[in-house]
Amino acid sequence: MFRHNNNLITILFTIAVFSLFITGCKKKDDVEKTVISVKGSDTMVNLSQKWAEEYRKKNPGVSLQVTGGGSGTGIAAIINGTTDIANASRELKDDETETAKSRNLNLKQFEVALDGIALIVNPGNKVDSLTIEQISEIFTGKITNWKQVGGADMPITLYGRENSSGTYEFFKEHVLGKDVSGHYKDYATSTQVLQGTAALGEAVAHDSKGIGYGGVGYFALRNDVKILHVKKDKNSPAISPSENGKVNYEAIWNGSYSISRYLYCFVNEKKANGEIQKFLDFMISPEGQKLVETMEYIPLPPKK
């Protein structure tokens, strides 16, 4: 009788200890992590994913979720409270600022890197440089044949980004420019709209008549597309955002390559603290800026 009870007690004790052990293991493995969501600019996706990857190595208690969708999508998400950080390859529009204010949101802007917008054509295209005016006339449909800019006698195929893209907005404002009445010119209706810079690069690589635009970091090391030199006007020097497979930092820092911009992160000021702020600090730290360089983007200018 006593032996039977002792055996039962031993079994129950063993089960209890094992249960505690399993529970302890679960707590150890399933430590609650701080989740930070990052959404927006497709131009910045590769860079943000690299930042997130390296930051997680040093901060295993933080989970970073990075997605694209375009600058406009990211900014809408930060205003709606569905992301923690919005990546954008442009500044806020007036209506976005007003919408944020109407919701009592103060969005903080952080400059985290720079980017040069590269004009790409198929490697077989003999055109090596274009002026800003020529680029504008090509993408607005005024110039429709490569022979009009010194190339072969063949029609030009236009590849562009969707209108939620910050690159689309920047290119429209700074390259297409305004008409005589002061309105921004529109892209030609023949422009083939693609989701993401990677898809645009693939399209141009397989089209001898094609031309497109996008962040130089996506194209600097590629041999299946050619990056054109750009001239501010016909009397200016022709400058490329990339030379011999390397991004031309100085030309972008000093503005001699005219199609360049800052890349931004926007956060709700009330959340710009704790792990979110630590991650932002990491981006602009020497280590974070070295990753910018590694990923073929342009680090922030050296402080003087």
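Start by selecting Tyr264: its relative accessibility is 6%, so it counts as buried (buried is under 20% relative accessible area, exposed over 50%, partly exposed in between, with a 1.4 Å probe and protein chains only). Before you click on, know that this is a predicted model, where local features need pLDDT of at least 70, side-chain atom pairs count only at pLDDT 80 or more, and totals for chains, interfaces and linings use all residues. Residues are numbered from 1 along each chain as its sequence is written, and side-chain values use heavy atoms, with hydrogens and water left out.

**Stop one: rings**

A search of the whole structure turns up eleven aromatic pairs. To pair, rings of Phe, Tyr and Trp (its six-membered ring) need centres within 6.5 Å; planes under 30 degrees apart are stacked, over 60 edge-to-face, and the rest tilted. Keep Tyr264 selected and add Phe266: the two make a tilted pair, 6.0 Å centre to centre with 35 degrees between the planes. Phe266 has a relative accessible area of 1%, so this residue is buried.

Next, pick Phe139, Tyr168, Phe171, Tyr187 and Tyr213 together. Ring pairs link these five residues into a cluster.

**Stop two: charges over rings**

Now show Lys178 with Tyr184. The charged end of Lys178 sits over the Tyr184 ring, 5.1 Å from its centre (the test is NZ of Lys or CZ of Arg within 6 Å of the ring centre and within 35 degrees of the ring normal). Then jump to Arg261 and Phe170: here the charged end of Arg261 sits over the ring of Phe170, 5.6 Å from its centre.

**Stop three: positive phi**

Which loop holds Asn104? Zoom in between helix H4 (94-102) and strand S4 (107-121); helices (H or I, at least four residues) and strands (E, at least two) are DSSP runs, numbered from the N terminus. Asn104 has phi near 60 degrees, a positive value in a residue other than glycine. With 64% relative accessibility, Asn104 is exposed.

Asn244 is the next click, in the loop between strand S11 (242-243) and strand S12 (246-247). Its phi is also positive, near 55 degrees, and again the residue is not glycine. Asn244 is exposed, at 80% relative accessibility.

**Stop four: salt bridges**

How many salt bridges does the structure hold? There are 18, each a side-chain nitrogen of Lys or Arg within 4 Å of a carboxyl oxygen of Asp or Glu.

Select Glu162 and Arg161, whose side chains meet in one of them at 3.1 Å, N to O. Buried or exposed? Glu162 is buried at 6% relative accessibility, and Arg161 is buried too, with a relative accessible area of 2%.

Move to Glu202 and Arg222, a salt bridge with its closest N and O atoms 2.9 Å apart. Glu202 lies in helix H7 (residues 197-205) and Arg222 in the loop between strand S8 (210-215) and strand S9 (226-227), so the pair ties together parts that are 20 residues apart in sequence. Glu202 is partly exposed, with 38% relative accessible area, and Arg222 is partly exposed at 22% relative accessibility.

For a bridge inside one helix, take Glu293 and Lys290, which meet at 3.8 Å, N to O. Both lie in helix H10 (residues 286-294), three residues apart, about one turn of the helix. Glu293 is partly exposed, with a relative accessible area of 30%, as is Lys290 at 48% relative accessibility.

Finish by selecting Lys50, Glu53, Glu54 and Lys57: salt bridges that share partners join them into one network.
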